[in-house]
Amino acid sequence: MANDKKVEAITSMEEDFAQWYTDVVLKADLTGYTSVKGFMVLKPAGYAIWELIQKQLDERFKATGVENVYLPLMIPESLLEKEKDHVEGFAPEVAWVTYGGSNKLQERMCVRPTSETLFCDFYQKDITSYRDLPKVYNQWCSVVRWEKETRPFLRSREFLWQEGHTAHATAEEAQARTEQMLNVYADFCEEVLAIPMIKGQKTEKEKFAGAIATYTIEALMHDGKALQSGTSHNFGDGFAHAFGVQYTDKDNTLKFVHQTSWGVTTRLIGAVIMVHGDNNGLVLPPKVAPTQVMIIPIQQKKEGVLAAADQLEEKLSAVARVKVDRTDKSPGFKFAEQEMRGIPLRIEVGPRDLENGEAVVVRRDNGEKQTVKLDQLEELIPALLDTIQKDMLEKARAHRDAHTYPAENYEEFKDIIENRPGFIKAMWCGERACEDAIKEETGATARCMPFEQEHIADTCVYCGKPAKKMVYFGRAY
């Protein structure tokens, strides 16, 4: 009964995907609501996933020469306003501080929505010669954006992220770094989060305010909606001109630097939930599962059962992140709880198993059970976790591919968007008017112009004029 009650507590994703998502986030104990509207508590189970994302992504950054720094939380208004397009893009979401203690500030400060302007101010003081370049910096921090509607991980007024900000001597170096970091993100999402990504360039309408080009990785959620999962921006020398970031080159002339910026956020946890989760709760890829193996003692009051579970934990901790559920809850309740939390593997061990020198191993991703000799577990568990990781990626890729549809004309496009949620591949003339009309009439936005272009038709899906690019469209979070 406990098992049934636990599972019943989640709304099925087929019935109401949005409610299913909220149920999973709360019942898997990832976040909690606070007295501060629009701000969330990241509970231990949720923060531990972020720590694993952060650790593995940070290692990948550093392998490409990135160094971590930390810049102030506050940005003076005069500094924010130095880059016109940038400030206009963020103005509606900025939170302002007007008092310091009981004294009104001479100039109001915003709580950083992003840190381009601060990095430019810093670089303007720190870069003087070609010998100072490149600067390849990143910071792990939180930012505040005053969103009207919030949803855990997907959109909250404060969220955790990393923001890379680099300065280079040439346009070519900046472009190479912009693309390099997008590839780091795409590889990370595929290899660690088991989520396949579409890589491409944002349209002029969708690019970052102040950038000359924005590149994105786009994922498809289980409900057929797209999720922008990471972006990398080439700023050219626009910010450098606005902030006077110059260096003396080898030929003794003053030149402006070329800059990039790139970031991912706790939104990645939302992607993991919506790509891999099921009606029993969370399903975590082993590489970001805080607990990879949960040992569940059966009839644990019987002599030797808990001791055996503890010995098993000690032995397996050398090859995986392992815990024993020692609570006095029923095994059925423990199974449901372990499934809700998305733990990749559970090991059931009871008196009869111990007599036979074996245990039952159950996969969370597909429910497969196998009986394994206790002395073989140390070898089996890492191999099984590796198999689960690969299988989850393949399943997600198959789902995405099965829900990606070509549309040659606008009638097809409208039919797909209404009846078959997913990505739509369609040709575009490059005109903003067509992009705006498609969004207004269907709710679909241009997700990206993929690097891997295909020829779907000769003409724009909306206006019928000659096509310039194939675009991925979709409704999005």
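This is a short dialogue between a learner and a teacher about reading one predicted protein model.

Q: Let's start with the whole thing. How many helices and strands does the protein have?

A: Counting those elements is a handy way in. Keep in mind that the model is predicted. The protein has 15 helices and 23 strands.

Q: What does the radius of gyration say about the overall form of the protein?

A: The idea is to set the value beside what a compact globule would give. With 477 residues, such a globule would come out near 23 Å, and the protein has 25 Å, which agrees. For the outline, picture a box of roughly 80 × 55 × 50 Å along the principal axes, filled by the C-alpha atoms.

Q: What share of the residues counts as buried?

A: Here we ask how much of each residue is accessible; buried means under 20% relative accessible area. In this protein, 53% of the 477 residues count as buried. As for the outside, the accessible surface comes to about 21500 Å², and 48% of that belongs to carbon and sulfur atoms.

Q: Among contacts between residues at least 6 apart in sequence, what percentage joins residues at least 24 apart?

A: That one tells you about links between distant parts of the chain. In this protein the figure is 68%.

Q: And the charges: how far apart are the mean positions of the positive and negative ones?

A: You take the mean place of each kind and look at the gap. The protein has 60 positive and 74 negative charges, and their mean positions are 3 Å apart.

Q: Let's zoom in. Where does Thr 216 lie, and is it buried or exposed?

A: With a single residue, begin with its element, then its accessibility, then its partners. Thr 216 is part of strand β10, which covers residues 213-220. Its relative accessibility is 0%, so Thr 216 counts as buried.

Q: What does the side chain of Thr 216 reach?

A: There are two things to look for. The side chain of Thr 216 makes a polar contact of 2.8 Å with the side chain of Glu 218. The Thr 216 side chain also reaches the backbone oxygen of Gly 230, at 3.5 Å. Setting aside residues up to four places away in sequence, Thr 216 touches several others, among them Leu 182, Ile 198, Gln 228, Arg 447 and Cys 448.

Q: What about a loop residue such as Ser 156: buried or exposed?

A: Check the number rather than guessing from the element. Ser 156 sits in the loop between β7 (135-144) and β8 (158-168). At 5% relative accessibility, Ser 156 counts as buried. A polar atom of its side chain lies 2.8 Å from the backbone oxygen of Glu 158. Beyond its neighbours within four places in sequence, Ser 156 is in contact with residues including Gly 38, Met 40 and Arg 145.

Q: And Asn 252, buried or exposed?

A: Asn 252 is also a loop residue, between β12 (246-248) and β13 (254-256). With a relative accessible area of 65%, Asn 252 is exposed. Ser 129 is 123 residues away from Asn 252 along the chain, and their C-alpha atoms are separated by 9.3 Å.

Q: Why is helix α11 described as largely enclosed?

A: For a helix, count how many of its residues are buried. In α11 (residues 331-340), seven of the 10 residues are buried, so the rest of the structure largely encloses this helix. Phe 335, Glu 337 and Met 340 are among the buried ones. After α11 comes Gly 342, with a positive phi near 80°.

Q: Which backbone values should catch my eye in Phe 153, Gln 299 and Pro 134?

A: Most residues other than glycine have a negative phi, and most peptide bonds are trans. Now look at Phe 153, whose phi is positive, near 70°. Phe 153 lies in the loop between β7 and β8, and its relative accessible area of 3% makes it buried. Gln 299 has a positive phi too, about 50°. Gln 299 is in the loop between β15 (293-297) and α10 (305-316), and with 45% relative accessible area it is partly exposed. As for Pro 134, the peptide bond from Leu 133 to it is cis, with omega near -5°. Pro 134 is found in the loop between α6 (116-126) and β7.

Methods: Residues are numbered from 1 along each chain as its sequence is written. Side-chain values use heavy atoms; hydrogens and water are left out. Helices (H or I, at least four residues) and strands (E, at least two) are DSSP runs, numbered from the N terminus. Buried means under 20% relative accessible area, exposed over 50%, partly exposed in between (1.4 Å probe, protein chains only). A polar contact is a pair of N or O atoms within 3.5 Å; within protein, one must be able to donate a hydrogen and the other to accept it, and residues adjacent in sequence count only if both atoms are side-chain atoms. Contact means heavy atoms within 4.5 Å. The radius of gyration is taken over C-alpha atoms; the globule rule is 2.2 Å times the number of residues to the power 0.38. Accessible areas come from the Shrake-Rupley method with a 1.4 Å probe; for residues, only the protein chains shown count as cover. Lys and Arg count as positive and Asp and Glu as negative; His and the chain ends are not counted. The place of a charge is taken as NZ of Lys, CZ of Arg, CG of Asp or CD of Glu.
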